[in-house]
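Colleague: I've got this model open on my screen and would like a close look at one part of it. Could you take me through it, and then on to whatever surrounds it?

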Amino acid sequence: MSTVVELQGLTKAYGKVNAVDNVSFKLEENKIYGLLGRNGAGKTTIMHMITAQLFATSGELKVFGEAPYENARVLNRICFVKESQKYPDNYRVIDVMSIASSLFPNWDQDFADSLVLEFQLPLKRRVKKLSRGMLSAVGIIVGLASRAPLTIFDEPYLGLDAVARSLFYNRLLEDYALHPRTIVLSTHLIDEVSQMLEHVLVIDKGKIIIDEEADALRGRASTIIGTASKVDTFTAGKDVINREPFGGLASVTLLGELSAQEHRQAAEIGLEIAPVSLQQMIVHLTNGKWDRKAEISL
Amino acid sequence: MTLSMDESRPLFVQIAERIENDIIEGNLPEESQVPSTNQFAAFYQINPATVLKGVNLLVDQEILYKKRGIGMFVATGVRTKIMEKRKEQFYEQYVVSMVKEAGKLGISAEQLTEMIRRGDKEQ
C-alpha cells in the first residue's frame, strides 16, 4: 500500500499558540479517512497545509512523495472541497463546472451532469444567488466528478438536508468502489459517516489522539449503568472517560474492551452494559472534561 | 439504505453473519453467487474494505469460495455446517442464560421444560 500523504512532526504556530502541534500520520492510497474533532481542533489547518494553502511552522510534509508547495505534479492530483468555497461574483453554476473540468485531469463530465440533475441544481443560475444547500451541492459535485487521487471534503454539507446528504454518501461509495482513490472526510456528523470510513483520525487541541482502523474502534468504549456504588467498584482502576450520576444510579463510560469474564461479572451484579457509538466516544474524549494522562492506549 | 448495525461489534463480523443468515434462510442457496463487495458496500453504506474483510472471513471458513474473474459463491454443504455452528452458539447465548435466570426466579427444570412445551404449542 503506497503512502499518499505523510506528516512528520508538523506544527503550525500562530504567535504562542500551536494550532497544529507536532502532528505525525500517514494517509494510504485508496482508503476513506475520517478527520474528526471539535471546532478549532486544527482539522482545517492540517488540510490547508496538505493542500499547500498554508506553510507549516516546522516539521515535514510530503504529498505524493513530494513537497506540495507550488508543485503542479502534486496539486493536479488534489481536489479540496471547502466548507465556504468562494467563487467569482459573476460565475454561474455551469461556469464552475466548466472550470473544474479543465482543472482536473480525471474529470468525468457525464458523472457531473447526472449529479447536477440529482441534486437539482439550476445550471444557469449565478452561484451567489444559490441557497446555502445548493452551494454545498456545487462543492460536492466538483469533489466527486473530479475523481482526484486525493479528494478532501471539509464539512462539505452546510445547509444540505438529510435527503441530499444521503445522496452524497451513496454516490461517494458507489463511485469510490469503481474508481478507488484516497478520500478525506472532515465532519461533525460522525454517526452518519462512521460506517463508510476505513480509518479514523481524531484531533484534539492540535494533537492527534486517535489514529486507528474504524472497524477496530467499534466496541472499544462501553457504558456501564447501575447502582452507583456497584458501578464505581466495577469501573475502579479502568480508563473512565465519563461519569454521570443519576439519583442513586451512575452511568460510567469506559475506554477499552471488556473481556467475556467482565461481561459475566457485570451481569451477575446487575449492571447493564451499553455500547457507545464512535460519535459518543469522541464527544467524551474531546469535551475537555476528560483529563488525558498519557497517549490513549487503545 | 442504512441497516442498523450493532455498535458494540466490528462491522465485518456482522456482515459475515448477515451472509450466513441469508444462507440459512435460503436466500442464498448453495452454489449461488453472492453479491459483489461493491454491491454490498453501496447497499449497506459500508466501506468496501470492511465488507471485503467480512467476506474473506467466510472464505477462510470455506463457506464461500472464489471463482476467478466471476465472483464469490456459496460452497456446497455449508448450510448444515453453519446451522451446527449456530446450534452451539444457541446453547451458549440462550440456554445458559435462560437456565440462570430461571434459577433466580425459583423456576425448576421441570417447570422450565413445561414452559418451553407451552411456548412451542403457541407458536
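In which helix of chain B is B:R79 found?

Modeller: Keep in mind that this is a predicted model. B:R79 is found in helix 4 of chain B, which covers residues 78-104. As for its surroundings, B:R79 is partly exposed, because 19 other C-beta atoms lie within 10 Å, and the cut-off for buried is 20 or more. Setting aside neighbours within four places in sequence, B:R79 is in contact with B:I23, B:I24 and B:E30. If you want a distance to check on screen, try B:V59: B:R79 and B:V59 are 20 residues apart along the chain, and their C-alpha atoms are separated by 14 Å.

Now for the annotation. An unreviewed UniProt entry lists residues 9-77 of chain B as "domain: HTH gntR-type". That span is 51% helix and 12% strand, and its end C-alpha atoms lie 28 Å apart.

Zoom out to the whole of chain B and you'll find five helices and two strands, in the order α-α-α-β-β-α-α along the sequence. The radius of gyration of chain B is 18 Å, well over the 14 Å that the globule rule gives for 123 residues, so chain B is more spread out than a compact globule. The C-alpha trace spans about 60 × 30 × 25 Å along its principal axes. Buried residues make up 24% of the 123 residues in chain B. Of the contacts in chain B with a separation of 6 or more, 58% are between residues 24 or more positions apart.

Chain B has a partner here, too. On the chain A side 18 residues are in contact with 17 residues of chain B. Helix 6 (162-178) and helix 8 (214-217) of chain A each supply at least two residues of that side, and helix 6 of chain A gives the largest share, five residues. By class, the side of chain A that touches chain B has nine nonpolar, five polar and four charged residues.

Helix 6 also leads us further into chain A. Together with strand 5 (78-81), helix 3 (93-103), helix 4 (109-118) and strand 6 (150-154) of chain A, helix 6 is included in what covers the buried residues of helix 5 of chain A. Helix 5 runs over residues 132-145 and reaches 20 Å from its first C-alpha to its last, close to the 20 Å expected. Eleven of the 14 residues of helix 5 of chain A are buried, so this helix is largely enclosed by the rest of the structure. Among the buried ones are A:L135, A:V138, A:I141 and A:L144.

Just after helix 5 of chain A, look for A:R147, which takes a positive phi of about 45 degrees. A:A148 is found in the loop between helix 5 and strand 6 of chain A. A:A148 counts as buried because it has 25 C-beta neighbours inside 10 Å. Not counting residues up to four places away in sequence, A:A148 touches A:R77, A:I78, A:C79, A:F104, A:N106 and A:R181. From A:A148 to A:H179 is 9.9 Å, C-alpha to C-alpha, with their positions 31 residues apart in sequence.

Last, the layout of chain A: it is divided into domain 1 (3-214) and domain 2 (220-275), with 38 Å separating the centres of the two, taken over C-alpha atoms.

Conventions. Residues are numbered from 1 along each chain as its sequence is written. Chains are lettered from A and ligands numbered from 1 in the order in which they are written. This is a predicted model: local features need pLDDT of at least 70, side-chain atom pairs count only at pLDDT 80 or more; totals for chains, interfaces and linings use all residues. Two residues are in contact if their C-beta atoms, placed from the backbone, lie within 7 Å. Helices (H or I, at least four residues) and strands (E, at least two) are DSSP runs, numbered from the N terminus. Ala, Val, Leu, Ile, Met, Phe, Trp, Tyr, Cys and Pro count as nonpolar, Asp, Glu, Lys and Arg as charged, and the others, Gly among them, as polar. UniProt positions are given in the numbering used here, feature names are shortened, and annotations may be inferred rather than shown by experiment. The expected span of a helix is 1.5 Å times one less than its number of residues. A residue is buried if 20 or more other C-beta atoms lie within 10 Å of its own, exposed if 12 or fewer, and partly exposed in between; C-beta atoms are placed from the backbone. The radius of gyration is taken over C-alpha atoms; the globule rule is 2.2 Å times the number of residues to the power 0.38. Domain bounds come from an automatic or database domain assignment.
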